[in-house]
Amino acid sequence: MSTRPPKPPLLGRVLLKLARVRDHREDVEADLTDLFETRATTMGRTRASLRFFVDVFSVWRWPLGRWARDLSADMKQGLRLMRRGPAFTVAAAIVLSLGIGVNTALFSVINSLFFSELPVKAPDELFYLYTRNEAGQVMAIVQPSFLTELDERGTALADLTTHWRIPLRLTANSLTETEYGEWVDTNYFDFLGVGAAIGRTLQAGDADQAAPGFAVVISHDFWTRRFENDPAAIGQTVRLDAAFGTIVGVAEPGFKGLTDPWTPTQWWASGIKANVAREGQPYPFRRYIGGPVGRLKPGVSFEQYQAFLTTLVSEWKQQRLERLRTQIQSPADFERFRRSTAATSFPMHRATETRMPFNPEGRIIPTGLLAGMVAVVALVLLIATANIAGLLMARGVARTGEVAVRRALGAGVARLSRQLMTESVVLAMAGGAVGLFVAYTLVGLFRAYTPSRFAVDVNLDWRVLVFAVAACIGAGVLVGLAPALQAARVNVLEALSNGVVGTRPPRRRACRPRLSYRRDCRHVDWPVGADTCLWAIDGRAAGGGRPQSPPIQQRRTRAGGATAAGNRARAGHRPSGVRDVRAGIGGLV
Amino acid sequence: VRALGESTYGVPVQQFVEQATGRRASIGAVYAALERLEEKGFLRSEFSEATATRGGKRKRLFSVTALGLRTAKELRRVREQIWRTIEEQS
């Protein structure tokens with residue numbers, strides 16, 4: 001009794017069934033099974049199974065090479081078509097470039113607003129801490145007693161600094177303007193890893209109450225605008241509303257504070273804690289300190305710090321209520337503060353995900369405005385693609401014969417659609433290349449005509465390039481959709497019998513037959529082309545078409561001489577297949 | 001293909017390539033190469049008769065065309081010429 005050969009693993013067999021191997025399925029499955037059986041006897045079933053999976057994977061990968069070759073051929077065809085019709089190519093590229101360029105320019109602005117990295121050291125480690133009050137408002141401030149608790153108990157988990165943004169009337173170099181700035185801790189710059197372009201950043205001694213005034217670091221932009229990059233700015237006295245300070249340095253270029261893009265920081269002043277010097281006074285409780293910014297210590301996760309914060313907040317609330325109980329005489333007042341304390345929470349936000357640090361729940365661009373802008377520029381692209389699609393459809397009429405021949409030779413609708421779409425994507429890529437130049441120009445104009453204090457540095461980075469390529473592919477597919485649908489509807493028999501073949505307009509001839517296998521089949525190998533044409537004639541005859549083509553032997557050139565094909569035919573050099581088919585269809589040709 | 005006789009199929013080719021080169025060759029890579037050679041007209045393929053040993057499944061038998069053979073000989077000639085030139089120079 002013979003033993004049954006081992007079978008390959010079921011999963012492998014299923015995966016093999018799903019592989020796209022067209023007409024090779026039968027022999028491929030048998031080949032792989034053969035290999036498995038041979039290996040199972042020589043190297044064991046387990047190793048044979050592993051090799052079987054490797055083989056299945058290689059069979060899966062096999063069609064990719066074929067697709068790549070098809071894609072390469074289609075792209076070459078697209079480039080050839082572009083070269084043949086330079087006027088059309090230039091017109092299409094310009095129209096598409098406008099659509100793609102405007103979209104890319106808008107995306108580069110959005111990219112800068114939403115995805116640009118903070119110009120500080122390790123921004124992934126940073127987080128902001130807020131206070132959510134009883135009314136549900138989120139504020140970038142915390143109570144001093146809570147910050148003290150954080151400082152004392154959270155040192156092992158994170159370092160902290162604080163900042164508080166405010167617009168003040170800043171008088172410097174004999175000019176007064178309202179400028180946004182931040183009161184900050186003296187460790188602010190070291191904490192963020194930001195240095196000074198000239199002078200120095202803030203130091204621990206700058207916060208001393210005994211120090212004359214406070215130390216001020218100005219932004220590079222402010223230094224350029226107000227002092228025209230004069231190093232003599234260092235040491236000058238500035239006035240912030242009623243207080244005076246001394247400029248000690250200029251922040252490095254590109255650093256515009258931990259704020260939103262619309263209100264970049266122009267100055268940083270020490271003394272944030274001096275502003276709440278009366279912290280020791282217990283009542284009233286409306287004094288706050290600025291918003292804490294934390295940097296997680298190595299190995300500490302965001303979630304771990306949140307867990308620590310939850311415990312700390314609970315204990316801090318309890319301590320606070322116990323203290324208030326002794327300090328507030330009125331039961332009604334105490335109840336009010338108890339409710340307020342119970343409702344207070346301290347949400348944490350990752351710095352990399354917070355584009356509006358002083359208003360974390362605000363939107364950097366109002367949703368309606370953003371949607372409107374996106375809709376308008378998308379419409380521009382859509383109009384451009386619709387225009388090009390129309391032009392391609394018009395050109396598609398001239399390519400009916402080419403499509404018909406390809407379909408007659410066995411190309412499916414999907415393959416033809418892929419070809420036409422690849423051609424249009426190549427065209428869109430040409431448009432995209434010009435579009436990038438348009439986008440670059442638009443971004444340059446945007447930068448030139450926006451206020452210098454605008455905090456967004458719009459640049460064309462890799463994300464913008466990826467977007468532009470995606471836009472090109474999207475536009476190309478959209479543009480190619482209409483010609484692909486048009487090609488799918490081509491009536492092969494009618495197109496071939498009408499003699500509309502080739503992408504070039506037919507030459508004028510004194511006597512042109514309705515179907516000429518010499519002309520119609522010039523793009524294909526002789527036997528296949530001839531069979532195709534004759535198949536078309538045969539089909540027309542079978543469908544009751546009028547036998548109106550003159551015999552090939554009777555075709556004459558304009559000069560009246562016999563054609564080479566006619567000569568060959570008279571000399572009996574026609575392939576036997578042609579003779580056979582002609583014999584079959586009687587007097588049609 | 002020619003080294004394996006008048007006609008052969010994927011599995012022997014894959015095993016032959018592994019033996020000859022001493023390196024693993026995936027069956028998919030062998031199929032891809034055979035397909036490309038067939039597209040170029042260097043090989044032709046046809047299905048064999050179904051046999052009971054493969055569960056009734058046919059083999060796709062490949063054989064070398066005259067063009068393929070000519071091209072292979074030409075390649076060999078060119079290679080030998082190049083090596084001769086190298087040897088003469090060294």
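How many helices and strands are there in chain A? In this predicted model, chain A contains 18 helices and 13 strands. The chain has 589 residues, of which 44% count as buried. Among the contacts of chain A with a separation of 6 or more, 76% are between residues 24 or more positions apart. The accessible surface of chain A amounts to about 29800 Å², and carbon and sulfur atoms hold 58% of that area.

The largest nonpolar core comprises 24 residues. Within this core, the residues touching the most other members are A:Tyr188, A:Phe189, A:Leu192, A:Phe255 and A:Trp268. At least two core residues are supplied by each of four elements of chain A: strand E1 (126-129), helix H6 (188-192), strand E8 (214-218) and strand E10 (243-251). The largest share, 4 residues, is that of H6(A). In soluble globular proteins, nonpolar side chains tend to be buried together.

The surroundings of A:Phe255 were examined with its neighbours within four places in sequence left aside. On that basis, A:Phe255 is in contact with A:Tyr188, A:Phe189, A:Leu192 and A:Trp268, among others. Its contacts also include A:Pro119, A:Val120 and A:Val194.

A second position considered in chain A is A:Ile218, which lies in strand E8. A:Ile218 counts as buried because its relative accessibility is 1%, against a cut-off of under 20% for buried residues. With residues up to four places away in sequence not counted, A:Ile218 touches three tryptophans, A:Trp223, A:Trp267 and A:Trp268. The other residues it touches are A:Phe227, A:Ile247, A:Gly249, A:Val250, A:Ala251 and A:Gln266. A:Gly181 is 37 residues from A:Ile218 along the chain, and the C-alpha atoms of the two residues are separated by 8.9 Å.

A nonpolar patch is found on the surface, with about 830 Å² of accessible area together. The patch is formed by A:Leu379, A:Leu382, A:Ile383, A:Met429, A:Val469, A:Ile473, A:Val477, A:Leu478, A:Leu481 and A:Leu485. Helix H10 (367-398) and helix H13 (462-488) of chain A each provide at least two of these residues. H13(A) accounts for the largest share of the patch, 6 residues. One of the patch members, A:Leu478, lies in helix H13 of chain A. A:Leu478 has a relative accessibility of 43% and therefore counts as partly exposed, a class that falls between the 20% and 50% limits.

The contact between the two chains was also characterised. Chain A contributes 23 residues to the contact and chain B contributes 22 residues. Chain A and chain B bury about 2000 Å² between them, with 46% of this area on carbon and sulfur atoms. The count of salt bridges between chain A and chain B is 2. A:Asp27 forms a salt bridge with B:Arg60, in which the closest N and O atoms are 3.5 Å apart.

B:Arg60 is also one of the residues touched by B:Thr8. B:Thr8 lies in the segment before helix H1 (10-21) of chain B. Is B:Thr8 buried or exposed? B:Thr8 is buried, because its relative accessible area is 5%, and the cut-off for buried is under 20%. Apart from B:Arg60, the residues that B:Thr8 touches are B:Val1, B:Val13, B:Leu61 and B:Phe62, with residues up to four places away in sequence not counted.

How values were computed. Residues numbered from 1 in each chain as written. Chains lettered and ligands numbered in written order. Predicted model: local features only at pLDDT ≥ 70, side-chain atom pairs only at ≥ 80, totals over all residues. Heavy atoms only, no water. Core = buried A, V, L, I, M, F, W, Y, C linked by side-chain atoms within 4.5 Å. Buried < 20%, exposed > 50% of the residue type's maximum accessible area, 1.4 Å probe, protein only. Contact = heavy atoms within 4.5 Å. Areas by Shrake-Rupley, 256 points an atom, 1.4 Å probe, with all protein chains shown as cover. Patch = residues over 30% accessible without salt bridge, like charges linked within 9 Å, V, L, I, M, F, W, Y side chains within 5 Å. Salt bridge = Lys/Arg side-chain N within 4 Å of Asp/Glu carboxyl O. Buried area = accessible area lost by both parts, 1.4 Å probe.
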